[in-house]
Protein chains: 2
Amino acid sequence: MSEGLNILLLSCGTRNKIVQYFKKELSGIGQVIATDCSELAPALYEADNHFIVPRMDEEGYLDVILSICKENNVKAILSLIDPELSFLAEHKQSFLNIGTIPIVSDYDVVEMCFDKYKMYQFLTRNGFKTVKSYIDKERFYNDIEVGVINYPVFVKPVKGSASINISKVTSKEEIELLFSRFDNLMIQEFMDGIEYGADVYIDLLSNEPVSIFIKEKIKMRAGETDKSVSIKDKELFELIYNFVKKAKFKGIIDIDIFKVDGGYYISEVNPRFGGGYPHAFESGVNVPEMIINNITKNVNEDIIGRYDEGVYMMKYNELKITRGS
Amino acid sequence: MSEGLNILLLSCGTRNKIVQYFKKELSGIGQVIATDCSELAPALYEADNHFIVPRMDEEGYLDVILSICKENNVKAILSLIDPELSFLAEHKQSFLNIGTIPIVSDYDVVEMCFDKYKMYQFLTRNGFKTVKSYIDKERFYNDIEVGVINYPVFVKPVKGSASINISKVTSKEEIELLFSRFDNLMIQEFMDGIEYGADVYIDLLSNEPVSIFIKEKIKMRAGETDKSVSIKDKELFELIYNFVKKAKFKGIIDIDIFKVDGGYYISEVNPRFGGGYPHAFESGVNVPEMIINNITKNVNEDIIGRYDEGVYMMKYNELKITRGS
């Protein structure tokens, strides 16, 4: 059993940078422990200690993770993949009972993020501009007819992460084809504008958003930000602050926003470390430190906007090599 | 003007590892110089020296590159992107005239690689098994009817790299829709089997394939190998050797192969460093060294199959940060 301030990162996958950042921050005071269901998750090998665990949907998964927490004196736990956020939020109390703090928003909030139509309804109900969305294709055809929306539009699953199964369509014919082949689809307006990503940290003790880092996305690859540049905008900071308070997020989240004709439209939220978070860290926005502050009962000060503008981030491939056993 | 054994990598993009490998090999004897049309190409910043150049399709591009070669005493030049391979091959003599060796196959060979239907014809004409391909959809419908091929099939552009615009389709209706929307499409059999990638070096002096590294692809991402494991297979080494000799490739190439029901099917060739080459390098297959041998007039020895089996490669994202000027 290891002493100290140990943090467990679940489903670490290819998020090597996140493991590295925690390791740097915990140096001398605690360990980073990582898990994944595959031994081909390269981030496992960055951690101080790692475990190969069953798949999240297998029976007994919760017990395996609770055991790892107990045996390794884990003070805080995070997951880096979407489906596991619901799991962590659902079992928050089981973790708290053994002295492990799950860094995650509440269950209902997490679930809303993964249902694009529920999020759309929340945003419009609360007066935030967002991307026009339809689950009823007849209502959509009607809006096309009266000119409220125009082709092209996106057809995508109501639930589902990354860009899987997303189709840009230009005709009723294609929509009918997609709706006949797949269930639970929705139609979403195509936003022709600038896309932003915001990495936001909501203090776990004060419930205040204490850090907002905004990057303009320059290039995407496989649904992830590949190149971006840091920007600041007072109006956008305020919008994000208000939205995050209203939706009651907790910990680290990532928000996608479009700017079209000068207006900001909130698109979606990943209630976890986003794929572009390394840009924020390398620009001085140290979320692992904020998490450590919180789990050691220290409230974080407000550092919204305290970073440099015009810092460019470019991703490239690094690799881990292992030899088969 | 720098002396020594300098190598120029054109359109370096995000190929940081390739720049690093050349730099390591040239340490003390020469420099790596990199170019790109965008200053957001992270590999630029790995090189000993770099230049931002016009886009390849802009007038005067050849003169710009020739000048860089002359002024920097460049001994060999490679490109890391497909369209530029034709350019390099086309202007081979202009580079040779100033003492710079283009590491690339001949023009006709390069062009064949970028025309999937020409490659299909070459392979079938020479008795190599390959993926069934159709540019005539009526011929395809006929083969469907008689059971020579079955749905699903891929519809993709005859020319074009990566997975852009590729659609897996299951009906005549979808094929008609795609063919009505896009030109120059072809229909390709869906191969349900194991996919391999081979990194092959063909000696520039002996014209012999001297190195073949084979990896089984475990996971793809955005058209690139994300995880793979090294394998050896005598039959596959022989098949690749024969194909490469027949097609008269030169320098470094990357071949995609499927194994279905025990048979090997050649799918396509990238006549350049493939995105998965770092796996070969990290397993001991040092192509930069072979290139340096060749440009210093040394023939490489045959090292086909001289690497370890069961070496796993896993990619993850690293990042470069720059500050706007």
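# A tour of buried residues, ring pairs and helix crossings

Start at Ser11(B): its relative accessibility is 13%, so this residue counts as buried. The model is predicted. Keep Ser11(B) selected and find the loop between β1 (6-10) and α1 of chain B, where this serine is found. Now check its backbone. Ser11(B) is not a glycine, yet its phi is positive, at about 50 degrees. Most residues other than glycine have a negative phi.

**Next stop: Asn73(A)**

Switch to chain A and select Asn73(A), in the loop between α2 (61-71) and β4 (74-79). What is the sign of phi at Asn73(A)? Phi is positive there, about 55 degrees, although Asn73(A) is not a glycine. Is Asn73(A) buried or exposed? Its relative accessibility is 17%. Buried means under 20%, so Asn73(A) counts as buried.

**Two cis peptide bonds**

Most peptide bonds are trans. For a cis one, select Tyr151(A) and Pro152(A) and look at the bond between them. The peptide bond from Tyr151(A) to Pro152(A) is cis, with omega near 0 degrees. Pro152(A) belongs to the loop between α7 (137-145) and β7 (153-157) of chain A.

Now go to chain B and select Tyr151(B) with Pro152(B). A cis peptide bond joins these two residues, and omega is about 0 degrees. Look for Pro152(B) in the loop between α7 (137-145) and β7 (153-157) of chain B.

**Aromatic pairs**

Turn on side chains. Over all chains, the structure holds 32 aromatic pairs. One of them is Phe140(A) with Tyr141(A). Put a distance on the ring centres of Phe140(A) and Tyr141(A): it is 5.9 Å. The planes of Phe140(A) and Tyr141(A) are 55 degrees apart, and the pair is tilted.

Are Phe140(A) and Tyr141(A) buried or exposed? Phe140(A) is buried, and its relative accessible area is 0%. Tyr141(A) is at 8% relative accessibility, so this tyrosine counts as buried too.

For a second pair, select Tyr196(B) and Tyr264(B). Their ring centres lie 5.9 Å apart. What is the angle between the planes of Tyr196(B) and Tyr264(B)? It is 70 degrees, so the pair is edge-to-face; the cut-off for that class is over 60 degrees.

Colour the strands of chain B. Tyr196(B) sits in strand β10 (residues 194-202), and Tyr264(B) sits in strand β14 (residues 263-270). The pair therefore ties together parts that are 68 residues apart in sequence. Tyr196(B) counts as buried, at 4% relative accessibility. Tyr264(B) is buried with a relative accessible area of 4%.

Return to chain A for a cluster. Select Tyr21(A), Phe22(A), Phe273(A), Tyr277(A) and Phe281(A); they form one aromatic cluster.

**Lysines over rings**

Go back to Tyr141(A) and add Lys172(A) to the selection. The charged end of Lys172(A) sits over the Tyr141(A) ring, 4.5 Å from the ring centre.

What lies over the face of Tyr307(B)? Select Lys232(B): this lysine lies there, at 5.3 Å from the ring centre.

**Helix crossings**

Select helix α1 (residues 16-26) of chain B together with helix α11 (residues 287-295) of chain B. Their axes come within 9 Å and cross at roughly 50 degrees. That makes α1(B) oblique to α11(B). The crossing of α1(B) past α11(B) is right-handed.

Now select helix α1 (residues 16-26) and helix α11 (residues 287-295) in chain A. Here the axes come within 9 Å, with a crossing of roughly 50 degrees. So α1(A) is oblique to α11(A). α1(A) passes α11(A) in a right-handed crossing.

**Phe237(B), then the domains**

Select Phe237(B) in helix α9 (residues 234-247) of chain B. Phe237(B) is buried, at a relative accessible area of 13%. Add Val109(B), which is 128 residues from Phe237(B) along the chain. The C-alpha atoms of Phe237(B) and Val109(B) are separated by 21 Å.

Finish by zooming out on chain A. Colour by domain assignment: domain 1 (6-104), domain 2 (132-189) and domain 3 (193-314). How far apart are the C-alpha centres of domain 1 and domain 2 of chain A? They lie 37 Å apart.

Definitions and conventions
Residues are numbered from 1 along each chain as its sequence is written. Chains are lettered from A and ligands numbered from 1 in the order in which they are written. This is a predicted model: local features need pLDDT of at least 70, side-chain atom pairs count only at pLDDT 80 or more; totals for chains, interfaces and linings use all residues. Side-chain values use heavy atoms; hydrogens and water are left out. Rings of Phe, Tyr and Trp (its six-membered ring) pair if their centres lie within 6.5 Å; planes under 30 degrees apart count as stacked, over 60 as edge-to-face and the rest as tilted. Buried means under 20% relative accessible area, exposed over 50%, partly exposed in between (1.4 Å probe, protein chains only). Helices (H or I, at least four residues) and strands (E, at least two) are DSSP runs, numbered from the N terminus. A charge sits over a ring if NZ of Lys or CZ of Arg is within 6 Å of the ring centre and within 35 degrees of the ring normal. Domain bounds come from an automatic or database domain assignment. Axes are lines fitted to C-alpha atoms, for helices over the stretch in contact, and angles run from 0 to 180 degrees between N-to-C directions. Angles under 35 degrees count as roughly parallel, over 145 as roughly antiparallel, 65 to 115 as roughly perpendicular and the rest as oblique. A crossing is left-handed if the near helix is turned anticlockwise from the far one by less than a right angle, and right-handed if clockwise.
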